[in-house]
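Student: I have a chain open here and want to go through it. Can we start with the surface and work inwards?

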Amino acid sequence: MSRQPRSAQTRRALIRSAAQTFDEHGYPRAKLSAISAGAGVSTGALHFHFDTKAAVAAAVEEEAARTLHESARTVRHLTPDPLQALVDTTHVLARQLATDVVTRAGYRLNCQSAHRSGPDLRARWHVCVCELLDRAEEQNLLVPGLAAEESAAALVGATTGFEVLAREDAAWLTPSAVTGLWRSFLPILAGPGAPQTPEPSGPRTAPRGRPRAASALVR
């Protein structure tokens, strides 16, 4: 294996090991020695890629942001109905947080302002929800007279609350939990102008590929 692919492989292993360490112990108690050991490399190899713990945390956060952004963008590309896109995006992001330790650890680092190294992902999620609801309103898909901004605030509060609760009980990020959320919200949101009622259980499969369209979450 050439030097460049080996270096990239080591960096990826360090990011995943760091995410696992942050996820299990939290940032303050995470040790660089544990991160390097988890990646199967020396502390010298770790310092070749990252000068400090803050630097490796920033890399975890950046990778999580990239994954979440691409997942949301893919859903927007594949789902023209804005209400269904909102449902599907919620399911996909919950799945990423539940199943991928890098995404989960990076998102939680981002939620802590003391360790945040990039744009506030919760604020970007709020923008994304507002944009999709505005599109739904323009297409007469919402209940007449519904305040889209108030609905967006309620949805963002509920979905971010699910992630917080899942830190103690992973069931909050399961498909059934997210489906239950949408079974409660969709009758309030979807108006008679919708060509069909959005499916609360979300996409049948996880989106794949790198789409061309962009969403507010990736700006």
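Student: How much area does the chain expose, and what share of it do carbon and sulfur atoms supply?
Tutor: This is a predicted model, and in it the chain exposes about 11300 Å². Carbon and sulfur atoms supply 52% of that area.

Student: And what percentage of the residues count as buried?
Tutor: 47% of the 219 residues, where buried means under 20% relative accessible area.

Student: Switching to secondary structure. How many helices and how many strands are there?
Tutor: The chain has 9 helices and 0 strands. Read from the N terminus, the elements run α-α-α-α-α-α-α-α-α.

Student: What does UniProt place at residues 8-68?
Tutor: The feature "domain: HTH tetR-type", which comes from an unreviewed entry.

Student: How far apart are the end C-alpha atoms of that span?
Tutor: For residues 8-68 they lie 21 Å apart. The span is 80% helix and 0% strand.

Student: Back to the whole chain. What does the C-alpha trace span along its principal axes?
Tutor: About 65 × 35 × 25 Å.

Student: Why does the radius of gyration agree with a compact globule?
Tutor: Because a compact globule of 219 residues would have a radius of gyration near 17 Å, and the chain has 19 Å.

Student: What share of the contacts join residues at least 24 apart?
Tutor: 71%, counted among contacts between residues at least 6 apart in sequence.

Student: Last one, charges. How many positive and negative, and how far apart are their mean positions?
Tutor: There are 25 positive and 21 negative charges, with mean positions 9 Å apart.

Methods. Residues are numbered from 1 along each chain as its sequence is written. This is a predicted model: local features need pLDDT of at least 70, side-chain atom pairs count only at pLDDT 80 or more; totals for chains, interfaces and linings use all residues. Side-chain values use heavy atoms; hydrogens and water are left out. Helices (H or I, at least four residues) and strands (E, at least two) are DSSP runs, numbered from the N terminus. The radius of gyration is taken over C-alpha atoms; the globule rule is 2.2 Å times the number of residues to the power 0.38. Buried means under 20% relative accessible area, exposed over 50%, partly exposed in between (1.4 Å probe, protein chains only). Contact means heavy atoms within 4.5 Å. Accessible areas come from the Shrake-Rupley method with a 1.4 Å probe; for residues, only the protein chains shown count as cover. Lys and Arg count as positive and Asp and Glu as negative; His and the chain ends are not counted. The place of a charge is taken as NZ of Lys, CZ of Arg, CG of Asp or CD of Glu. UniProt positions are given in the numbering used here, feature names are shortened, and annotations may be inferred rather than shown by experiment.
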